[in-house]
Amino acid sequence: CLGATIFGQSVHTVIPREKTDAAVLDELRAAGFPRAEIREIHPSLEDVFVKLTEDAARARGEAEP
């Protein structure tokens with residue numbers, strides 16, 4: 001995973017292109033999330049805001065959120 005943010009009851013995450021949906025589902029289920037589902041989404045304005053805010057904090061040397 002290249003990053004993840006909680007949105008209500010969902011998690012938006014960026015996953016490397018080479019990782020398959022099946023592999024991600026296997027990992028989630030092995031981690032105790034048997035009803036996990038995956039669907040592709042386009043980034044929302046909120047997704048972009050969170051990413052830019054995290055990048056700016058990291059550039060200032062602040063701790064990870």
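Trainee: Is Asp55 buried, exposed or partly exposed, and at what relative accessible area?
Mentor: This is a predicted model, so the value is computed from its coordinates. Buried would need under 20%, and exposed over 50%. Asp55 falls between those cut-offs and is partly exposed, with a relative accessible area of 28%.

Trainee: Which residue forms a salt bridge with Asp55 at 2.9 Å?
Mentor: Look four residues away in helix α2, because that spacing is about one helical turn. The residue found there is partly exposed, at 46% relative accessibility. Its closest N and O atoms with Asp55 are 2.9 Å apart, and it is Lys51.

Trainee: How far apart are the closest N and O atoms of Asp55 and Arg58?
Mentor: Asp55 and Arg58 sit three residues apart in helix α2, so about one helical turn separates them. Arg58 is partly exposed, with a relative accessible area of 41%. A salt bridge needs the atoms within 4 Å. Asp55 and Arg58 form one, with a closest N and O separation of 3.1 Å.

Trainee: Which residues are linked in a network of salt bridges?
Mentor: Asp55 forms a salt bridge with Lys51. Asp55 also forms one with Arg58. The linked residues are Lys51, Asp55 and Arg58.

Trainee: How many salt bridges does a search of the whole structure find?
Mentor: Those of Asp55 include the one with Lys51 and the one with Arg58. Glu62 forms another with Arg60. The search of the whole structure gives a total of four.

Trainee: What is the closest N and O distance between Glu62 and Arg60?
Mentor: Glu62 is partly exposed, with a relative accessible area of 42%. Arg60 is exposed, at 55%. Their salt bridge has its closest N and O atoms apart by 2.8 Å.

Trainee: What separates the C-alpha atoms of Arg60 and Ile41?
Mentor: Arg60 lies in the segment after α2. Arg60 and Ile41 are 19 residues apart along the chain. Their C-alpha atoms are separated by 30 Å.

Trainee: Asp47 is buried yet has no salt bridge, so how far away is the nearest side chain of opposite charge?
Mentor: Asp47 has its place in helix α2, residues 45-59. The nearest side chain of opposite charge is Arg39. A salt bridge needs the atoms within 4 Å. Arg39 is away from Asp47 by 9.8 Å.

Trainee: Which residues does Asp47 touch, leaving out those up to four places away in sequence?
Mentor: Asp47 is buried. Outside those sequence neighbours, Asp47 touches Phe7, His12, Ile41 and His42.

Trainee: What is the volume of the largest pocket?
Mentor: Rolling a probe the size of a water molecule over the atoms shows where empty space is left. For the largest pocket, the volume is about 1500 Å³.

Trainee: Which of its lining residues are closest to the centre?
Mentor: The largest pocket is lined by 38 residues. Those closest to its centre are Val11, His12, Thr13, Val14 and Ile15.

Trainee: Which element gives the most to the lining of the largest pocket?
Mentor: The elements giving two or more residues are β1 (3-7), β2 (10-14), α1 (21-30) and α2. With seven residues, the one that gives the most is α2.

Trainee: How many charged residues does the lining of the largest pocket have?
Mentor: Sort the lining by class. There are 17 nonpolar residues and eight polar ones. The number of charged residues is 13.

Technical notes
Residues numbered from 1 in each chain as written. Predicted model: local features only at pLDDT ≥ 70, side-chain atom pairs only at ≥ 80, totals over all residues. Heavy atoms only, no water. Buried < 20%, exposed > 50% of the residue type's maximum accessible area, 1.4 Å probe, protein only. Lys, Arg positive; Asp, Glu negative; His and termini not counted. Contact = heavy atoms within 4.5 Å. 1 Å grid on protein atoms, 1.4 Å probe; cavity = no way out; pocket = protein on both sides within 12 Å on 5 of 7 lines; lining within 4 Å. Points joined across faces, edges and corners; volume = space filled by probe spheres on them. Nonpolar A, V, L, I, M, F, W, Y, C, P; charged D, E, K, R; others polar.
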